[in-house]
Amino acid sequence: MTSGGSELADRKNAAIRYVFFSCALVTVLTTLAIILVLVQGSVEFFRHVSIVEYVTGTEWSPVIRPQSYGVLPLIWGTLLITVGSAAIAIPVGTATAIYLSEYADPQVRKTIKPTLEILAGIPTIVYGFFALSLITPIIQLFFPETGTFNAAAGAIVVGIMIIPMVSSLSEDAMSAVPDDLRNAAYGLGATKFEVSTSVVFPASLSGVIAAYILALSRAIGETMAVTLAAGMHPQITGNPLEPIQTMTAYMVQIGISDVSVGSIGYQSLFAVGLTLFAMTLTMNLFSMWVRSRYREEYQ
Amino acid sequence: MSTDTGTPFGGAEDIERKRTIGRVFVAVCFASTLVGIVALVALVADVLYESWGWITWEFLTYPPSQSVENYLPGGRGAGMYPAIVGSVFLIALTAVFTIFLGVGAAVYLEEYAPESRLKSFIEANIANLAGVPSIVYGLLGLAIFVRAFQLGSSLIAGALTLTLLILPIVIVSTQEALRAVPDSQRQAAYGVGATQWQVIRDVVLPRALPGIMTGTILSLSRAIGETAPILMVGAATSLFVAPDGLRSPFSAMPMTIFEWATLPEAEFQHIAAAGIVVLLTILLAMNAVAIFIRNRYDPRS
């Protein structure tokens with residue numbers, strides 16, 4: 001088959017193939033290593049702390065005595081940020097996608113879409129600074145009792161950050177809806193509003209929902225912006241003007257302090273990391289499943 | 001059939017009402033589009049305003065300082081020089097690892113791997129890795145590179161961690177670039193007796209190079225702004241000397257900005273903003289290079 005023919009050339013080609021294969025293998029090894037590292041560290045942690053206390057405890061105080069390791073306040077903080085940012089990014093992002101896909105002329109779309117995507121490329125530490133220097137002072141104008149660190153500012157900047165994830169992916173899904181469907185609805189006397197909301201939106205729903213889930217997963221894993229904006233105070237509170245701590249912010253807190261290897265504080269990093277990883281992995285897999293399971297096939 | 005009252009979209013009697021709904025809806029959608037744009041403008045304006053007057057030549061060429069006076073004109077001079085050098089070294093190292101691994105993996109998936117379960121497994125795995133929070137990569141780097149490989153909190157441990165973080169994005173963008181090379185060119189090369197490796201080396205990779213470079217530079221511009229992974233690996237918040245070797249401790253621009261942003265003195269907010277302007281300028285330059293390469297060399301545009 002091979003025109004070179006010689007055994008040496010064949011062997012060289014096989015060797016090259018293996019080099020490339022090993023590069024691809026690195027990605028699989030990365031996943032395995034992540035799981036291994038997180039599970040191993042967590043096992044060490046759960047030798048000292050009971051899983052029941054970790055999962056059901058409402059007090060997270062790993063450094064200050066009396067120590068307690070209930071992860072619920074951290075999960076609560078993460079959920080507060082996630083729900084708050086979703087309340088901003090989902091309506092704004094969806095409406096933006098509808099505008100860009102159905103109303104804007106192509107030239108406007110070609111300018112606005114990449115402009116919005118700049119938001120996704122700005123480092124998250126910059127959003128943290130933005131929250132401290134502008135968002136929190138604005139909140140304090142309306143609610144003077146708000147402290148420097150508060151959940152609301154964190155949720156707002158994370159919401160802004162994930163707008164382009166919602167709008168770009170949703171716009172892709174809406175643009176993929178064929179014009180035949182739109183024209184059929186117009187033929188039945190539908191207005192542009194009805195076509196957008198009753199035809200295009202439902203037809204693109206699987207892509208839109210996949211975009212929502214991905215954006216939420218990104219909000220859960222967001223680190224620097226929420227660390228700077230929302231604070232380091234683990235507590236279960238319904239008041240967004242109070243400081244909280246997310247799982248990621250806790251990991252930063254331990255990361256910048258000198259916690260010795262083998263201490264419970266060091267091991268707790270991996271337990272919290274595993275919890276975070278499990279949550280985002282579930283959502284990412286769910287997003288993929290929604291997209292493939294409910295994909296509308298158009299010819 | 002002749003009247004439209006029987007259609008799913010209602011009759012003509014409420015056409016005025018429908019027009020109003022339509023107009024309100026467009027207005028709401030347009031206003032939502034503006035929300036993102038206004039936020040972007042506000043962010044940039046805020047950073048520029050806060051940093052005004054604080055970016056001096058000394059800021060780029062001196063190590064950081066604890067006291068604010070040193071940052072002011074007439075002071076002894078203080079800034080983010082070690083962090084800038086740290087970031088440049090970090091990204092240069094990351095680029096070397098990423099190009100080798102990313103292009104290698106993409107070439108395997110696009111040019112060698114048959115359509116098989118293994119290939120779809122690897123691709124699904126890459127898609128999943130792209131969604132893993134960056135701080136989790138930091139934990140991975142801490143446990144594997146810093147501890148298990150005993151590299152310590154060094155430049156190379158940071159670079160390897162960032163490599164794993166951006167690898168999924170580099171692989172996917174490289175795959176797209178390889179896919180854009182027309183098959184006829186491969187067939188022509190095979191026709192004159194080239195081996196598969198010769199086809200890849202002499203035909204596919206040169207044609208795909210602009211696309212590969214664009215994707216890689218964009219990924220590296222993401223890596224340069226990452227804080228959480230290098231923080232977990234143990235990058236210093238502030239260092240007074242620039243790193244001088246693979247094993248030396250390092251700082252990076254986002255770490256120094258983080259340190260400044262958390263300091264209580266109000267002046268450090270301005271200094272943090274100045275650091276952000278330097279970081280965003282470098283990011284902007286990298287993006288401009290990537291877009292230039294795409295527009296200049298990409299046969300599709």
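Author: Helices here are DSSP runs of H or I with at least four residues, numbered from the N terminus. Please keep in mind, as we go on, that this is a predicted model.

Reader: Where, then, does A:F143 lie in chain A?

Author: A:F143 is placed in the loop between helix 5 (124-142) and helix 6 (151-175) of chain A, and its relative accessible area of 43% makes it partly exposed, because that class lies between 20% and 50%. Together with A:I138, A:L141 and A:F142, A:F143 forms a nonpolar surface patch, whose accessible area is about 470 Å² in total.

Reader: Is A:S133 buried or exposed?

Author: A:S133, which belongs to helix 5 of chain A, is buried, with a relative accessible area of 14%. If neighbours within four places in sequence are left aside, A:S133 is in contact with B:D46 and B:E50.

Reader: How is a pair of aromatic rings described?

Author: Such a pair is described by the distance of the centres and the angle of the planes. Over all chains, a search of the whole structure finds 19 aromatic pairs. In one of them, the ring centres of A:F193 and B:F25 are 4.9 Å apart and the planes stand at 70°, so the pair is edge-to-face. Because A:F193 lies in helix 8 (residues 192-203) of chain A and B:F25 in helix 1 of chain B, this pair joins two chains.

Reader: Which of these words, buried or partly exposed, fits A:F193, and which fits B:F25?

Author: A:F193 counts as partly exposed at 23% relative accessibility, whereas B:F25, at 15%, counts as buried.

Terms used
Residues numbered from 1 in each chain as written. Chains lettered and ligands numbered in written order. Predicted model: local features only at pLDDT ≥ 70, side-chain atom pairs only at ≥ 80, totals over all residues. Heavy atoms only, no water. Patch = residues over 30% accessible without salt bridge, like charges linked within 9 Å, V, L, I, M, F, W, Y side chains within 5 Å. Areas by Shrake-Rupley, 256 points an atom, 1.4 Å probe, with all protein chains shown as cover. Salt bridge = Lys/Arg side-chain N within 4 Å of Asp/Glu carboxyl O. Buried < 20%, exposed > 50% of the residue type's maximum accessible area, 1.4 Å probe, protein only. Contact = heavy atoms within 4.5 Å. Phe/Tyr/Trp six-rings, centres within 6.5 Å; stacked < 30°, edge-to-face > 60°.
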